[in-house]
Amino acid sequence: MSEHVLPIPDDVTTPWWEATKEGKLLLQTCLECQHVQHYPRAVCTQCAGSQLHWVESAGHGVIDSFTVVYRAPSPAFTAPYVIARVRLSEGPTMLTRIVGADESELACDLPVSLSWESLSDGHQLPVFQLTHE
Ligand SMILES: [Zn+2]
């Protein structure tokens, strides 16, 4: 990646973005139905409850789906890069990138671990790499 597009945190997402500065990937847990969700929202997507609290993800998951982007949508992106939907061990899926791996190494259901890319504004972007035991 070259120049990243920087986030614009709002009332709902500011705590999430602040936690990235400390290398913490936060998820929301609903106090009413225990549903765990990502990305951050004002209400629970399961029961519409508004009693959500933050929990830190362990940062482990598996590749649920992925694709390789060869043509960048803007000069802010350097192709090729891998976009993936990762299923976190806590349940939610998240759209992210897989870094440090060749396309030929990737497959669905492979285990991945959280990694971070620094942004110029101090926030960090959660990305994933293949888990090598
Ligand atoms: Zn709920």
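Which residue forms a salt bridge with Arg-97? The points below take this up after a look at the strands.

1. Status of the model. This is a predicted model. Please read every value here as computed from that prediction.

2. Strand β1. This strand covers residues 26-30 and is mostly covered, with five of its five residues buried. Neither face is left open. On one side sit Leu-26, Gln-28 and Cys-30, all buried. On the other side sit Leu-27 and Thr-29, also buried.

3. β1 with β3. Strand β3 spans residues 52-56. It runs antiparallel to β1, and five bridges join the two. To find the pairing by eye, start at Gln-28: its bridge partner in β3 is Trp-54.

4. β1 with β2. Strand β2 consists of residues 36-37. It also pairs with β1 in the antiparallel sense, here over two bridges. Look for Thr-29 in β1, which stands opposite Val-36 in β2.

5. The hairpin turn. β1 and β2 form a hairpin with five residues between the strands. Check the backbone at Gln-34 in this hairpin: its phi is positive, near 75°.

6. Salt bridges overall. The structure holds five of them. Three are described in the points that follow, beginning with the pair from the opening question.

7. Arg-97 and Glu-117. The answer to the opening question is Glu-117: the closest N and O atoms of this pair are 2.5 Å apart. The pair links distant parts of the chain, 20 residues apart. Arg-97 belongs to strand β6 (residues 93-98), and Glu-117 belongs to strand β7 (residues 111-118). Arg-97 has a relative accessible area of 10%, so it counts as buried.

8. Arg-85 and Asp-64. These two form a salt bridge, with the closest N and O atoms 2.6 Å apart. Arg-85 lies in strand β5 (residues 81-88) and Asp-64 in strand β4 (residues 60-69), so the pair ties together parts that are 21 residues apart in sequence. Both residues are partly exposed: Arg-85 has a relative accessible area of 39%, and Asp-64 has a relative accessibility of 24%.

9. A shared network. Asp-64 and Arg-85 do not stand alone: salt bridges that share partners join them and Arg-87 into one network.

10. Lys-21 and Glu-18. This salt bridge has its closest N and O atoms 3.1 Å apart. Lys-21 is partly exposed at 39% relative accessible area. Glu-18 is partly exposed too, at 37%.

Key:
Residues are numbered from 1 along each chain as its sequence is written. This is a predicted model: local features need pLDDT of at least 70, side-chain atom pairs count only at pLDDT 80 or more; totals for chains, interfaces and linings use all residues. Side-chain values use heavy atoms; hydrogens and water are left out. Buried means under 20% relative accessible area, exposed over 50%, partly exposed in between (1.4 Å probe, protein chains only). Helices (H or I, at least four residues) and strands (E, at least two) are DSSP runs, numbered from the N terminus. Two strands pair if DSSP finds at least two bridges between them. A salt bridge is a side-chain nitrogen of Lys or Arg within 4 Å of a carboxyl oxygen of Asp or Glu.
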